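Subject: Structure handover

Hello,

Here is the structure I promised to pass on. Please open it and keep it in view while you read.

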Amino acid sequence: MIWEVFRQENAGDYHEHCGNVHAPDREMALMFAEVQHARRKPTNSLWVAPQPEIGEVDTEDAKFGGTTDKSYRWASTYDFEAAASEVADSTNEQVEAERRRKAQQDKQEAQGGD
């Protein structure tokens with residue numbers, strides 16, 4: 001049986017999927033998960049769940065929230081001449097913050113893809 005493994009790095013953090021193990025029962029799955037997924041990384045706790053018991057709903061099955069376009073809230077979405085240096089500074093800060101968010105998101109996706 002395949003067991004999916006979720007690891008929590010620090011107390012209070014979310015458990016994140018880190019891989020799977022093959023084991024005949026939960027006790028063996030926990031033991032294998034500890035050896036394979038927690039031995040070399042800081043770990044607070046591990047969860048294991050039988051793969052057939054994990055359900056999934058994706059964007060093809062459901063309409064999730066957060067799809068409303070609220071780009072009007074960001075000054076970087078408007079094309080205008082800055083009226084004041086404060087507006088230009090704020091725009092530059094927002095563009096830089098968006099670039100950092102994108103880089104962090106790309107980095108997390110690259111780490112999760114291995």
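Below is what turned up, taken one topic at a time. Keep in mind that this is a predicted model.

**The core**

Start with the nonpolar residues. Which residues make up the largest nonpolar core? There are nine: Trp3, Val5, Val21, Ala23, Ala29, Ala33, Ala38, Leu46 and Val48. Strand S1, helix H1 (26–37) and strand S3 (45–50) each supply at least two residues of this core.

Take tryptophan 3 from that list. Sequence neighbours within four places are left aside here. Tryptophan 3 is then in contact with a long run of residues, including Gly19, Asn20, Val21, Ala23, Ala29 and Val48. Asp25 and Arg26 are also among its contacts. So are Ala49, Pro50 and Gln51.

**Glutamate 4**

Next, look at glutamate 4. It sits in strand S1, which covers residues 2–8. Glutamate 4 is buried, yet it has no salt bridge. Where is the nearest side chain of opposite charge? It belongs to arginine 7, and it is 13 Å away.

Glutamate 4 does have a polar partner. Its side chain makes a polar contact with the side chain of glutamine 51, at 2.6 Å. Residues up to four places away in sequence are again not counted in what it touches. Among those it touches are His17, Gly19, Asn20, Trp47 and Val48. Ala49, Gln51 and Ile54 are touched too.

**Arginine 7**

Arginine 7 is also found in strand S1. Is it buried or exposed? Arginine 7 counts as buried because its relative accessible area is 15%, and the cut-off for buried is under 20%.

A polar atom of the arginine 7 side chain lies 2.6 Å from the backbone oxygen of proline 42. Arginine 7 also forms a salt bridge with glutamate 9. The closest N and O atoms of that pair are 4.0 Å apart. Glutamate 9 counts as partly exposed, at 38% relative accessibility.

Arginine 7 has contacts beyond its neighbours within four places in sequence. They include Tyr14, His15, Glu16 and Cys18. His37, Lys41, Pro42, Thr43, Ser45 and Leu46 are in contact with arginine 7 as well.

**Salt bridges**

How many salt bridges does a search of the whole structure find? It finds five. The pair of arginine 7 and glutamate 9 has been covered above.

Now go to helix H2, residues 85–112. Arginine 101 forms a salt bridge with glutamate 98, and their closest N and O atoms are 2.9 Å apart. These two are three residues apart in the helix, so about one helical turn separates them. Arginine 101 is partly exposed, with a relative accessible area of 40%. Glutamate 98 is partly exposed too, at 43%.

Lysine 102 pairs with aspartate 106 in another salt bridge. Their closest N and O atoms are 3.5 Å apart. Why are they separated by about one helical turn? Because they are four residues apart in helix H2. Lysine 102 is partly exposed, with a relative accessible area of 45%. Aspartate 106 is partly exposed at 34%.

Finally, find Glu96, Arg99 and Arg100. A network of salt bridges links these three residues.

Best wishes

Note on methods:
Residues numbered from 1 in each chain as written. Predicted model: local features only at pLDDT ≥ 70, side-chain atom pairs only at ≥ 80, totals over all residues. Heavy atoms only, no water. Buried < 20%, exposed > 50% of the residue type's maximum accessible area, 1.4 Å probe, protein only. Lys, Arg positive; Asp, Glu negative; His and termini not counted. Polar contact = N/O pair within 3.5 Å; in protein donor to acceptor, adjacent residues only side chain to side chain. Contact = heavy atoms within 4.5 Å. Core = buried A, V, L, I, M, F, W, Y, C linked by side-chain atoms within 4.5 Å.
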